[in-house]
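Here are my notes for a colleague opening this structure for the first time. Please read them with the sequence and the 3D view side by side.

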Amino acid sequence: MENPFAISVKDLAFSYNSITALNNVSVNFERGCLTAIVGPNGAGKSTLLKLIAGLNQPNSGTITRSINSPQELGYLPQQKELDRTFPLRVIDVVAMGFWPQMGVLNGLPKKLLPKINEALQIVGLVGFEKRSLDCLSGGQLQRLLFARLIIQDASIILLDEPFAAVDNSTTRDLLKIIQKWHQMKKTIIVISHDLELVKKHFPTTLLLSKTIIDSGLTQSVLNAENMMKLTFSSSEVLND
C-alpha cells in the first residue's frame, strides 16, 4: 500500500548557534495537500521549509520525503534572499527549471522554448524574456519564479511567503496557479501571514511557534483558543 504522506517530520529540532528555531516538531503532510504554515515572526516557519527542502540538516529528528530525486521538489524562497543583481535574464531563470535535461554548462535547446513561452504566458510575462532581474518589480519577479516552478513540474512545492510585497492582481494570479497545481494532486506547502487568505484558499493549516500548536483543517486550527495560544507563544518568541 502506498504511503499516504508526501512528507513526514518526526521529533525535529534545529538551532542557529545557541538559539532554538524548532523543537519537538512532528507532522505529516498528505500527498496532494494544500497546506498553509502560519505563525509569528521568528516562529521557525522558513526554517522548517528549508529543512524539508534539504537546504539545512536538523540537529535531531528525521524528515522523510516521497520523492526519488531533487528535481521532484520545488522551493521558492523569500524575495529578500534572492540576489537580483546577478546578471540573469527572465528566460535564463525560467530555463533553470530544465536543469536536469540541460546540464549546468549546456545552452538552452530550441526544443524547450515552446514550454518556456507557455510558462511565461501563464504567469503574464510574455515579452519580458530578455529583461534582467533588476528591471522587474516585486510582483513580476514572483511571477517569474512561478514560471520556473511550472517548468520544473515538481510533485512537492514549497513556497515561502509568495504573496509578500506583491499587489492584489499578482496575488490572485498566483493563487490561480496554486489552485491548478492542487487540482493536479501536487503537494503544496505555503507560508503566509494573511489569515483571511489562508481561511479562504487553504484547506489545511499548520500553526507553528517553534513547536506545533495545532494542525489539521484550517477552520478548526484557526480558532479563538489557538489564536490566544499563538499570542502567548508569540511574546515568548519575541523575548528569546
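Which residues of helix α4 are buried? The points below start there and then move to the sheets. Keep in mind that this is a predicted model.

1. **The buried side of α4.** Helix α4 spans residues 113-123. Its buried residues are I116, A119, L120 and V123. Look down the helix axis: these residues fall within an arc of 100 degrees, so they line one face of α4. The spacing has a simple background. An α-helix has 3.6 residues a turn, so residues three or four places apart point the same way.

2. **The other side of α4, and its cover.** P114 and Q121 are exposed, on the other side of α4. The cover over the buried residues of α4 includes α2 (90-95), α5 (138-152) and α6 (168-183). After α4 comes G124. The phi of G124 is positive, near 80 degrees.

3. **The three-stranded sheet.** How are the three strands of this open sheet ordered? The order is β2-β1-β4, and the pairing is antiparallel. β2 (19-30) and β4 (60-65) are the edge strands, and each pairs on one side only. From one strand to the next, the twist averages 15 degrees.

4. **β1 against β2.** Strand β1 covers residues 5-16. Eight bridges link β1 with β2 in the antiparallel sense. One position to find in the view is L12, which stands opposite V25 in β2. Helix α1 (residues 45-53) packs on this sheet and touches β1, β2 and β4. The direction of α1 makes about 120 degrees with that of β1.

5. **The six-stranded sheet.** Six strands form another open sheet, in the order β5-β6-β7-β3-β8-β9. Here the pairing is mixed. β5 (73-76) and β9 (211-217) stand at the edges with a single partner strand each, so one side of each has no neighbour in the sheet. On average, neighbouring strands are turned by 15 degrees against each other, direction ignored.

6. **β3 beside β8.** Are strands β3 and β8 parallel or antiparallel? They run parallel, joined by four bridges. β3 holds residues 34-38, and β8 holds residues 204-209. T35 has T204 in β8 as its bridge partner. For A36, the partner in β8 is T205.

7. **Helices on the six-stranded sheet.** α1 appears again here. It lies across β3, β5, β6 (156-160), β7 (187-191) and β8. α1 runs at about 150 degrees to β6. α5 also packs on the sheet, where it touches β5 and β6. The direction of α5 makes about 175 degrees with that of β5. Recall that α5 is also among the elements covering the buried residues of α4.

8. **β8 and its hairpin.** Why call β8 largely enclosed by the rest of the structure? Five of its six residues are buried, so the description fits. Buried here means under 20% relative accessible area. β8 runs antiparallel to β9, and six bridges join the two. S209 stands opposite T211 in β9. β8 and β9 form a hairpin with one residue between them. K210, in the turn, has a positive phi of about 70 degrees.

Methods
Residues are numbered from 1 along each chain as its sequence is written. This is a predicted model: local features need pLDDT of at least 70, side-chain atom pairs count only at pLDDT 80 or more; totals for chains, interfaces and linings use all residues. Side-chain values use heavy atoms; hydrogens and water are left out. Buried means under 20% relative accessible area, exposed over 50%, partly exposed in between (1.4 Å probe, protein chains only). The arc is that of the directions from the helix axis to the C-beta atoms. Contact means heavy atoms within 4.5 Å. Two strands pair if DSSP finds at least two bridges between them. Axes are lines fitted to C-alpha atoms, for helices over the stretch in contact, and angles run from 0 to 180 degrees between N-to-C directions.
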